[in-house]
Amino acid sequence: MVAQEEVKDVFVLIGASGDLARRKVYPSLFSLYKKQLLPKNLAIVGYARADLTLSQLKKRCMIELNPEEENIYDAFWSINYFLKGSYESEEDYQYLNYFIYKTVSKSTNRLFYLALPPTLFEPVTSNIKRYCLPKTKGWTKVVVEKPFGKDSESAAKLTKHLSLLFKEEEIYRMDHYLGKEMVENLLYLRFGNRIFGPTWNRDNIASIFISFKEPFGTQGRGGYFDEFGIIRDVMQNHLLQILCLVAMEKPCSTAADDIRDEKVKVLKCMQELTLDNVVLGQYEGDPEGEGEAKDGYLDDPTVPAGSVTPTYALAVAHINNERWDGVPFILRCGKALNERKAEVRIQYRDVAGDVFLGQSKRNELVIRVQPGEAIYCKVMTKTPGMSFGLEETELDLTYGDRYKGAKLPDAYERLILDVFCGSQMHFVRSDELAEAWRIFTPLLHKIEKEKPKPIPYKYGSRGPAEADAKLAENNFKYYGSYKWTKPSSL
């Protein structure tokens with residue numbers, strides 16, 4: 001353990017025994033520790049209802065080690081503590097504060113990370129404010145994970161609650177997608193290159209397609225998923241955040257609030273989504289599939305019988321400003337699809353005055369978020385040799401090839417470091433959250449009230465055929481002819 005008089009910063013992980021803490025938070029903290037990026041003389045205090053010892057918690061954490069890292073791993077856990085306590089008991093928070101003050105540090109900055117369901121945010125933050133703030137002039141920061149409410153009303157209630165306890169600069173609303181390498185790279189790609197700026201507008205771009213696909217179903221967690229659905233789980237947060245970064249104007253600086261100001265302007269220019277511009281689907285089992293693929297969403301015993309919760313959604317949004325007037329922004333997310341992929345496809349308009357007798361296909365700029373981070377541009381070139389034909393190829397920046405050996409940090413690792421550094425660039429501000437819910441709440445309430453039956457699609461497919469029709473209606477052309485070829489080794 002670090003000597004008490006040396007500790008200056010305390011990271012308090014509320015919900016330390018939960019799935020998120022074990023899979024993401026502790027591994028990210030260890031990775032930062034290993035790289036010597038955590039503050040010196042940091043102490044980490046885990047707090048949870050589970051009856052565990054620190055040694056048991058250490059064994060449960062999902063951290064992969066190389067043999068040479070075992071000593072570092074032991075050193076990391078030497079700065080950790082674990083305390084059992086209720087999430088709602090005032091007495092337990094009083095003891096948590098006493099424990100930190102007496103055992104860990106008397107003079108400290110405190111970072112509280114809530115790896116908890118949103119139903120616990122209010123009682124936990126109230127008790128933190130009442131009993132656990134540092135007695136001296138140290139700073140306090142509070143990290144809360146999405147979902148931030150279920151609609152405009154619940155989000156406003158949570159925002160008001162947090163604002164009465166903490167200043168906006170002390171609140172970090174974490175959407176981990178904002179910490180992904182290629183999502184962050186959108187700013188650099190757009191505003192650090194002359195080549196893209198002149199064509200990044202409605203005069204040149206036909207449509208923008210932002211897609212998130214998972215090749216697996218609910219995996220026995222359908223009860224939790226059914227409470228929120230795919231729109232709340234992915235589209236209203238992850239995909240909308242990417243949309244803002246694609247569509248925003250150049251900020252006057254890279255300061256957090258300058259960037260977030262521009263994102264809010266984008267959201268204010270968007271109309272509420274309507275059911276007419278949405279396709280909803282729900283996966284069913286594939287009789288010829290293997291394992292989980294044989295089962296549909298309704299076969300999950302944790303899913304309520306007859307549920308009409310969508311596991312697939314495609315929505316068409318528009319931004320009513322000079323740059324994007326008339327350009328459809330198509331958001332698509334779904335479970336039990338044919339592949340794992342998250343990407344942005346910026347599809348350009350057809351070449352005017354086609355002299356190639358219809359052989360030419362549209363250019364696309366593709367930013368692949370996961371897996372295999374990449375930026376590539378689909379272009380038309382002459383077929384090699386004596387032919388006069390055209391074929392699709394790519395200008396390719398695949399990170400695994402260009403930056404061999406480089407290990408990209410996990411999104412949680414990057415964002416936790418941002419919290420320590422006091423950078424809120426990649427965190428959601430309260431007015432941004434309010435605008436995001438304004439866009440989606442009427443649609444979500446209409447779905448919940450009218451309960452439209454989602455279109456069934458087979459496990460492992462591309463999704464409902466009606467979604468492809470909606471893409472075509474909104475000026476996105478899918479050719480199905482492009483084949484990526486791995487470059488030859490030099």
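In which loop does Pro 371 lie? Pro 371 is found in the loop that links strand 12 and strand 13, and the peptide bond joining Gln 370 to Pro 371 is cis, with omega at about -20°. The model described here is predicted. Its account below covers two open sheets, one of six strands in the order 3-2-1-4-5-6 and one of nine strands in the order 14-13-12-11-7-10-9-8-15, together with the helices that pack on them, a helix pair, two cavities of 30 Å³ or more and local backbone features.

**Six-stranded sheet**

- The pairing in the open sheet of six strands is parallel, and the strand order is 3-2-1-4-5-6.
- Strand 3 (80-84) and strand 6 (171-174) form the edges; each has a single partner strand, so one side of each has no neighbour in the sheet.
- From one strand to the next, the twist averages 20°.
- Six bridges connect strand 1 (residues 9-14) with strand 4 (residues 109-114) in the parallel sense.
- Within this pair, Ile 14 has Leu 114 of strand 4 as its bridge partner.
- Helix 5 (residues 121-131) packs on the sheet and touches strand 1, strand 4 and strand 5 (140-145). The direction of helix 5 makes about 170° with that of strand 4.

**Helix 5 and helix 6**

- Helix 5 also packs against helix 6 (residues 152-165), at an angle of about 5° and with the two axes 10 Å apart.
- Angles under 35 degrees count as roughly parallel, and helix 5 and helix 6 are therefore roughly parallel to each other.
- Helix 5 contributes Phe 121, Glu 122, Thr 125, Ser 126 and Lys 129 to the contact. From helix 6 come Lys 157, Leu 158, His 161, Leu 162 and Leu 165.
- Sorted by class, the contact of helix 5 with helix 6 holds four nonpolar, three polar and three charged residues.

**Nine-stranded sheet**

- The open sheet of nine strands, ordered 14-13-12-11-7-10-9-8-15, has mixed pairing.
- Strand 14 (390-398) and strand 15 (455-458) are its edge strands, and each of them pairs on one side only.
- With direction ignored, neighbouring strands of this sheet are turned by 20° against each other on average.
- Strand 9 (residues 312-317) pairs with strand 10 (residues 329-334) in the antiparallel sense, over six bridges.
- Opposite Val 316 stands Ile 330, in strand 10.
- Helix 7 packs on the sheet through strand 12 (364-370) and strand 13 (374-382), and its direction makes about 145° with that of strand 12.
- Helix 13 (residues 465-473) packs on the sheet as well, touching strand 7 (205-213), strand 8 (278-284), strand 9, strand 10 and strand 15. Its direction makes about 15° with that of strand 9.

**Largest cavity**

- The volume of the largest cavity is about 130 Å³.
- Its lining consists of 15 residues; those nearest its centre are Gln 236, Asn 237, Gln 241, Leu 433 and Ala 436.
- The elements that give two or more residues to this lining are helix 8 (222-247) and helix 12 (430-450).
- Helix 8 provides the largest share of the lining, with five residues.
- Nine of the lining residues are nonpolar, three are polar and three are charged.

**Second largest cavity**

- The second largest cavity contains about 60 Å³ of space.
- Leu 178, Val 183, Glu 184, Leu 187, Leu 245, Ile 259, Lys 263, Met 425 and His 426 line the second largest cavity.
- Helix 7 (181-191) and helix 9 (256-268) each supply at least two of these residues.
- Helix 7 gives the most to this lining, three residues, and helix 7 is also one of the helices that pack on the nine-stranded sheet.
- By class, the lining has six nonpolar residues, one polar residue and two charged residues.

**Local backbone features**

- Asn 41 has a positive phi of about 60°, although Asn 41 is not a glycine.
- The position of Asn 41 is in the loop between helix 1 (19-34) and strand 2 (42-48).
- The cis bond between Gln 370 and Pro 371 belongs to the region of strand 12 and strand 13, since Pro 371 lies in the loop between them.

Key
Residues are numbered from 1 along each chain as its sequence is written. This is a predicted model: local features need pLDDT of at least 70, side-chain atom pairs count only at pLDDT 80 or more; totals for chains, interfaces and linings use all residues. Side-chain values use heavy atoms; hydrogens and water are left out. On a 1 Å grid over the protein atoms alone, a cavity is a set of points where a 1.4 Å probe fits but cannot get out, and a pocket is an open set with protein on both sides within 12 Å along at least five of seven lines; lining residues have an atom within 4 Å of a point. Grid points are joined across faces, edges and corners, and a volume is the space filled by probe spheres set on the points. Helices (H or I, at least four residues) and strands (E, at least two) are DSSP runs, numbered from the N terminus. Ala, Val, Leu, Ile, Met, Phe, Trp, Tyr, Cys and Pro count as nonpolar, Asp, Glu, Lys and Arg as charged, and the others, Gly among them, as polar. Two strands pair if DSSP finds at least two bridges between them. Axes are lines fitted to C-alpha atoms, for helices over the stretch in contact, and angles run from 0 to 180 degrees between N-to-C directions. Contact means heavy atoms within 4.5 Å. Angles under 35 degrees count as roughly parallel, over 145 as roughly antiparallel, 65 to 115 as roughly perpendicular and the rest as oblique.
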